[in-house]
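Student: I would like to request a close look at a single part of this model. Please explain the part together with its surroundings, in connected steps.

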Amino acid sequence: MAASLLGRDKRSTAASLKAECSRQDGRGVQLLGELLDSVLSPERAVAEAEVIEWCKSLMAGGESFDDFCKMVRGYDNATLCGLVWTANFVAYRCRTCGISPCMSLCAECFNAGEHTGHDFNMFRSQAGGACDCGDSNVMRESGFCKRHRFATSSNIPSVPNELMMMPEHILPRVILHLIQHLRDGYNEPDSDPATERDLQKTLQQMEPLISLLEDLTKMGGAMRSILTRVLTNHQIYKDLCSGDLCTGEKAYTKKNYEKYLTALKGSGLVSSEERSVTSVLDQMAGASNVTILGATAGTGQMDSSDEEEQDGSQGVGKRKRVKLSNSTKDSSIMDILKHKCFLEELLFWTVKYEFPQKMVTFLLNMLPDQSYKIAFTKTFVQHYAFIMKTLIKSHESDTMSNRIVHISVQLFSNEELARQVTEECQLLEIMVTVLLYMMESCLIKSELQDEENNFHVVVNCGEPLLKNNTYWPLVSDFINILSHQSVAKRFLEDQGLLQMWMNFVSFFQGMNLNKRELNEHVEFESQTYYAAFAAELEACAQPMWGLLTHCKIRETQEYTRTVVRYCLDALQDWFDAINFVDEPAPNQVTFHLPLHRYYAMFLSKAIRCQQLDLDSLLPDQEMLMKMMVHPLQIQASLSEIHSNMWVRNGLQIKGQAMTYVQSHFCNSMIDPDIFLLQICASRLDPDYFVSSVFERFKVVDLLTMASQHQNAALDTEHERSMLEGALTFLVILLSLRIHLGMSDDEILRAEMVAQLCMSDRTHSTLLDLIPENPNPKSGIIPGSYYFETMLSAVADFKAPVFEPGGSMQQGMYTPKADVWNQEFDPIMVILRTVYRRDVQSAMDRYMGFLKQTGKFSGTPWPPYRERAPLNPSYKGLMRILHCKTLHIVLFTLLYKISMDHQNMSEHVLCMVLNLIELGLDNLPEETAEEEEMFGEERCSDSWFHGTNIATNLHHIINYVRVRLPETAPEVTREAPASTSSDTSSFMQNSNTAQVFSLVAERRRKFQEIINRNSGSAIQTAAVRPKTSKWTAPNSTPQFTTTILEIRESMLSLLIKLHHKLSGKQNSYYPFWLEDSESTSRLDPMQQIHGDGITAIERILLKTAARSRQNKCSIEEICRKVAPPVPPKKSNSADKKALDKEERRQKARERQQKLLAEFASRQKSFMETAMDFESPDSDVAMDVGSTEQPDSETVYDCVICGQSGPSTEERPTGLVVLLQASSVLGHRRRSTEPKKLPTSDEEQIYPEDTCGTAHDVRITDLQQYFKDSSCLQSVSIGWEGGVYVQTCGHTLHIDCHKSYMESLRNDQMLQSFSVDKGEFTCPLCRQFANSVLPCHPEKSEEKSIWSPYNSKSLLTLIKEVEEQQEQLGMFPPITNLSKEMESVMKDIRSATQKKYIDYGKTPGSPDNDFLFMYSVARLNLELELVHRGGNLCLGGASATTKRSCLNQLLHVLAMHMRLFRIDSAYNPWTRLTQLTQVTDYGICDDEKPEVPLLYRDVSSLLLILVLTMPQELHKEHFTCIVKVLYNLLYTQAVATLSFRFSEEERAAWKNSGKLKQTMCNSDKSWEVLLSHIICELSKGRLYSASNTGQVSMLGTNIWSPQSIEYSIQQFCLPFLRITSLLQHHLFGDDLPSCQRTEEFGMLASYLGLLLPCLQSNDEFCISACLDWPIAALDLISQWCLEVTTSAESHSEQVTNLLVQDPQWSLPCLLQLPENYNTIFQYYHRKACVHCSKVPKDPALCLVCGTFVCLKGQCCKQQSYCECVLHSQNCGAGTGIFLLINASVIIIIRGQRFCLWGSVYLDTHGEEDRDLRRGKPLYLCSERYKVLEQQWVTHTFDHINKRWGPHYNGL
Ligand SMILES: [Zn+2]
Ligand SMILES: [Zn+2]
Ligand SMILES: [Zn+2]
Ligand SMILES: [Zn+2]
Ligand SMILES: [Zn+2]
Ligand SMILES: [Zn+2]
Ligand SMILES: [Zn+2]
Ligand SMILES: [Zn+2]
């Protein structure tokens, strides 16, 4: 029955079945079932395409499927867009409208919505996504597009049951069919590529079926709800899938079902069918071993896999695992995957098949259905662990990750849904467990601290999981759900979760440990560090920031407390596990301390926002001490790395140091570390802290008063730098307020200022450099209003400028003057610099500012800044500034600097002063009291008694005992006791003078605390010996202890240093001695800018202001007549250094002089070579023409350096670049540039370009006239002509040849091809490819032309004719002529053959002839274009500078003379005499010659001039011009006559006739016009033309003025070319004039017009006429030529006769203002050739052609489309806009370069590859520059970075 149905017509079958079904007797349904059994037979009896057809027809129930679709769509009640896209789709994101940061819109919804002025951007989707329009959970309703804003389900009628009846019956079977396919096709991949291919095949087979489902989802809400019902119904699934029902083919079904079970098993989620759930659970309960992927699920499998893992790592991580067993508290998370509906099994297979794109799209397309969305989300969560497990094993984890996130983002971005699955499905537990499970797979034993007894495990950053970032989908989901308040709350409230999470974080604590190499350089630089930083940032820090955003208010205090508690627990565990006692292991550092940082950041939040008491959150002192160790170790290591102490570890360690501080990491790394150290410093004993710092930086031994010392820990070469590091660290620690009281505003401002001070920044760089995420902008997204306001407050915008010949600049932000003045903070700069040079750069810029504003002219010191007030919780920090240890260090350093000890530096002094000043600005409150107490202390001799810096400053240290080598100078000195007058006091002092041992101090303190904690004091004694052992480690017997007499206080040292810095004795004189009131009046902070002297003065002033005693002290010191201290010791070493420096300086000066000389020689050409813009720059370099006529031109050879004339034997040549050009061919008639089309309606037609017009003309001519004659009537080269340009440098041609030889042998990689003759000018490096020989000047005198005593026109005509008879004489063969020959070859090969051969017989000499004079024509025309299209500027134009036209004309002329124009065809005769016009039509078969009136007069001129013997006399030139002008004038009038209407023509004909008898009638335009009309009428030419032309132009009313004007315009182009030619041939300067006078000026320049007539005669065009014979007769003859042949081509007469020589200047297409206009139209436009949407679309900016860049689709014979087009459109030059990148590339021959972009954003920046996606606007200046480079053919010279394209673009 069913089988018979199969053969029937589908549509009618469907119709009848539908009718049966609706009868409700069940028969129809049964029939349908039977039919489906056979159609959907799992044995694949029916072809898949047929199956699809059947399904469609049946569902449509008799309608056509398309109609059915339309009907269903009518009931679409969806209010969401939900459009699903895949990778690379262009979508939009609007931050103003978005609620979730993941919100995205399709282009259609975006454009239809209202987002003007919003903060939006376009982006290319990476992982795919879906449109959120209409979803108010994700975005604000105001941003919905019109379609989705008003869509409500209320106005949609409900769906008639009858319509959906068939689908309802059919769809379950279709889905079952799909499931069966999936089951059948699956085999475990087994890392066997064959099975993978099988999977692909299965997927391919299923594609039509999934496509069908996808189509169904697009039918809208009605169909989606049916699908949802089918997919989620448990009963349907049970009926169809459980393996014992329905389909009848039981055997198959069973087998099929078994495959499914195997797959379930094979995935490791279910062990076997037999094992019952309960038994598994029992086993679990008793199991000591713990499986991560929980509990019941896969005990059997997990066990074995665990064993495997443990085999490899020998029980590593056992401890952790034990902990995990406690944390996996809820085993129900890990239920066996048990599928209860289609959707679940479908997702299972989707995962198994690793997320096939089609399936993903289908599943996502269903999301607009709300109940589906919930069901699907639950299913997704149910499979979450399985998904991630599959991901880890996947071979293509990248693709899979993208697909996973594509789905999960849609589900988890919705808060309500996320909350629901968190509560119902334990999403959080699952995620954290899976994260733990993932990381467990790659744990190794930590080697930190105690390698032997370390029980800590860390992730191995070399594992693929970390290296490839495979964990990111999971982490990104986790961060995503934590962004929802309700979910985060659940997390923070659940202690079990928190504990698990801390375990997870501890896996990263101490990872990627670095050990300093002390001997050998590492062989292999480990590249694991990036994985480590990425892991900490993404897996630890990002979730932390997510959680922190929910701990912002007092009400959330409890959360913070809990986190802090678990954090401390984890830290304690960690210290235990790494077996940490009190000292960090030497030469080790890890940059990864996420636990420390969690603790620090939650503390910061607690104090800042939640008003928690800091002390209640702090651990005991011992723990604080431990916590400070590792962050401090990092700070010291940073300094070591910068001091090159880690060089043997390779470059990567520097990379780590930089990454640690750089903007993307600093908020999560260095800032929390510094903050934690600040907390420790504020609570720990300050002496302990300070001595720890110096010990960690290994500079303790350096801090001795002795001039020599031995450092056990550090090489001398590193001491200075490490000391600087230690001091700088202290200054940062005490100055930084990021977490200690600054507001968000202040932080953002400080960050911005620091970045801007380092360097001017573009908007996007700055955005990128400002640390994101936490404090400054918490809640504020970059690019927002907030950022902009701040930016405009601190910076000025510098608009982008274009430097001619230089690089293109972008819009930059630079600090305001006030910022330099008041806010520039070197400490912040140092903190944020990745490269040390950035600090220098900031200081240089600061110096520039001070100089410019006259604030300070020397080299300034970093300015001292007052700090924001400290949050009271951290007040303890300032105790650091008031502790004896620090003061001893400061005193020692001041002393050492004043004594010129080794390894001191200005930087050290600067930091010391900074610390003193910080101390003065942060005096403890009990100052006065203390001062009283220690008032009498001035005579005391030990180190300091008090801790207040204000007191200690004036405390005098008399004696100090030091250990020092016996060789030290202090030792030889006699004991102070013998010289000292007060022996008794010395004796007393020596007892109290101390050995300066910080370390001993530190040890003691630490031990004290430990003891205090452990309650036993006995241990103290035990430690002591250890300490003393340490202080004198390798102490050698040469060391001795000496007592130094010091007798200084810090104040006296400061004043000494003032003298020292200023280089003057007693330079410091406190001004308040005169006026005691002034101390209080003067604000020391006004003296901020200056050097060390300024700083000392400021400190002394502050000191005096803070304490009366200090003031007296200073006065006393200054009043004391200082004993004559010997002037600054300049020991021999210093002297040597000085001498050396002096010598160096002298050598530099000498060198400078030499360079200057050399430079001045080069300068003249460098300027001309590089500067195309400046018209006012020096002399013209027109070679040969500016020379005195009687002296021979002398050329310098740039290779051998000799000078001399160019001779026949040893010719000199110009360095030239020959390039094919189609620039002129792209000119158009209209002066309005063509617009780039941006819609299908707009089009560009090439017909109206100059190139096409000339092509048409020559083809027309060739159709009717003799070929050789045709080839003399036009010019070619408008497209693909050869343009010759020179840099102006000359060289001997033989020198050039040897130069080329040397280039060829040069092994260096050239960016050009030497074999093609390419080279760069040896002098100016400009690109060139040939040498143009210079014509030797004949010594014969040039006749000085005078128009007044010239011969008569007739005589001259005769002479010209005679000279032409001499043609065809071969010149003698010389070196010169050979070179001329070879350059002609170069010229010919510079362009493609198709641009040379226009004749009908290829290779005929006529072709060559045409090509050669066309080269001359093209170069003249181009020069004219470069001069702006007219000659009004005269000789002053800069473009003449490096013209080589004169030389070029000589070379061309030499060649042209080899051709003989048959005198019978010589146009000269017909131009000057009356000849018998043969009746062409009858004579021979041969076609007639081209009538003179059809010919191009400029071409004729070049033919005549170039075929005349050189040197051409000027009178002959003038004669030729005059004769040709007559013809031109006649052509002009003839053309004009065609523009008249019939009536006008008749009127002008008659009025002219009347004037024929006047005198001078042959110069009357009326007479000539009338005559021409008369003559041409004979051929009935006008009647042919009257149709089109008149209607168009007939509206003009022709007046004498407009006729005059029109003729003038017609003649001008000829006059211009001719004048240029004359200028180059004879060298006389072109005069300049106004635009309106150009005609007259040129006419008289050419000798057509007597100078006296030039200025006052308005009507001068006819006055230029000079007829050799009767004008009317000659004209009649010319007209006759036309009329006799006209009949053969009556169609074309008008086209040929009516010429229009005027073209507007070449220009590129006009671009739209907004880049989006281009992008929207072109990024999805299909190519006309391959009709596909190209991956890399590009656009020719010359002609608008759209091409597939790099596309294989449009490749022709190994040429990709872009290259091909550059050849056809620009003869090898192409300018393309890359649509997807907004960048322009230039193709020039074999090479290409990236030019840059002409579109900039509002901040004047490019956006290459549209990464930021901000709106871009046309920068017309840049576009002009591009156009200019195109027109002047200077791409090769200006752009520097060329590379070969291998035809692959
Ligand atoms: Zn949309
Ligand atoms: Zn929309
Ligand atoms: Zn918006
Ligand atoms: Zn030479
Ligand atoms: Zn040069
Ligand atoms: Zn083009
Ligand atoms: Zn194409
Ligand atoms: Zn293509």
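Tutor: In this predicted model, the largest nonpolar core holds 315 residues, and the members that touch the most others are Phe342, Phe491, Phe508, Tyr599, Phe694, Met752 and Leu915. Helix 27, residues 529-548, supplies the largest share of this core, 14 residues. Separate from it is a second core of 128 residues, whose members include Phe1265, Leu1504, Ile1607 and Leu1621.

These cores belong to a protein chain with 79 helices and 28 strands. Of its 1849 residues, 57% count as buried. Among the contacts in the chain with a separation of 6 or more, 77% are between residues 24 or more positions apart.

Two helices may serve as a preparation for the close look. Helix 18 spans residues 370-382 and contains Thr377. The relative accessible area of Thr377 is 0%, and therefore this residue is buried, the limit for that word being under 20%. Leaving aside residues up to four places away in sequence, Thr377 touches Leu411, Phe412, Leu417 and Val421.

Helix 24, residues 472-482, is mostly covered, with eight of its 11 residues buried. Those buried residues are Pro473, Leu474, Val475, Asp477, Phe478, Asn480, Ile481 and Leu482. An α-helix has 3.6 residues a turn, so residues three or four places apart point the same way. In the loop between helix 23 (464-467) and helix 24 lies Asn469. Although Asn469 is not a glycine, its phi is positive, at about 60 degrees. Most residues other than glycine have a negative phi.

The part for the close look is the zinc site with the sheet beside it in the sequence. The zinc ion (ligand 6) has four protein donors, namely the SG atoms of Cys1740, Cys1743 and Cys1769 and the NE2 atom of His1765, which lie 2.1 to 2.2 Å from the ion. The angles among the four donor atoms are 101 to 117 degrees, and the site of the zinc ion (ligand 6) is tetrahedral. For four tetrahedral donors the ideal angle is 109.5 degrees.

Along the chain, the donors of the zinc ion (ligand 6) follow the spacing C-x2-C-x21-H-x3-C. Cys1743 and His1765 form a pair that links distant parts of the chain: Cys1743 is in the loop between strand 21 (1737-1740) and strand 22, whereas His1765 is in helix 77 (residues 1761-1770), 22 residues apart. His1765 counts as buried because its relative accessibility is 12%.

After helix 77 comes a loop that leads to strand 23, and Ala1771 has its place in this loop. Ala1771 has a positive phi of about 55 degrees, although Ala1771 is not a glycine. With a relative accessible area of 9%, Ala1771 is therefore buried.

Strand 23 belongs to an open sheet of six strands, in the order 22-21-23-24-25-28 and with antiparallel pairing. Strand 22 (1746-1748) and strand 28 (1843-1844) are the edge strands, each pairing on one side only. Strands of a sheet pair through backbone hydrogen bonds.

How many residues of strand 23 are buried? Six of its six residues are, and the strand is mostly covered. Both of its faces are covered, with buried Thr1773, Ile1775 and Leu1777 on one side and buried Gly1774, Phe1776 and Leu1778 on the other.

Strand 21 and strand 23 run antiparallel and are joined by three bridges. Cys1740, a donor of the zinc ion (ligand 6), has Phe1776 in strand 23 as its bridge partner. Phe1776 in turn has the bridge partner Ile1785 in strand 24.

Between strand 23 (residues 1773-1778) and strand 24 (residues 1783-1788) there are six bridges, and these strands too run antiparallel. One of the partnerships with strand 24 is that of Ile1775 with Ile1786. Helix 78, residues 1820-1831, packs on the sheet and touches strand 23, strand 24 and strand 25 (1791-1796); the direction of helix 78 makes about 155 degrees with that of strand 25. Strand 23 and strand 24 form a hairpin with four residues between them, and Ser1782 in the turn has a positive phi of about 60 degrees.

The zinc site and the sheet thus share a residue: Cys1740 gives its SG atom to the zinc ion (ligand 6), and Cys1740 is also the bridge partner of Phe1776 in strand 23.

Note on methods:
Residues are numbered from 1 along each chain as its sequence is written. Chains are lettered from A and ligands numbered from 1 in the order in which they are written. This is a predicted model: local features need pLDDT of at least 70, side-chain atom pairs count only at pLDDT 80 or more; totals for chains, interfaces and linings use all residues. Side-chain values use heavy atoms; hydrogens and water are left out. Helices (H or I, at least four residues) and strands (E, at least two) are DSSP runs, numbered from the N terminus. Buried means under 20% relative accessible area, exposed over 50%, partly exposed in between (1.4 Å probe, protein chains only). Contact means heavy atoms within 4.5 Å. Two strands pair if DSSP finds at least two bridges between them. Axes are lines fitted to C-alpha atoms, for helices over the stretch in contact, and angles run from 0 to 180 degrees between N-to-C directions. A nonpolar core is a set of buried Ala, Val, Leu, Ile, Met, Phe, Trp, Tyr and Cys residues joined through side-chain atoms within 4.5 Å. Donors are N, O and S atoms within 2.8 Å of the metal (3.2 Å for Na, K and Ca); water is not among the atoms, so sites may look incomplete. Four donors count as tetrahedral if all angles lie between 85 and 135 degrees; four count as square planar and six as octahedral if opposite donors are over 155 degrees apart and all others between 65 and 115; anything else is irregular.
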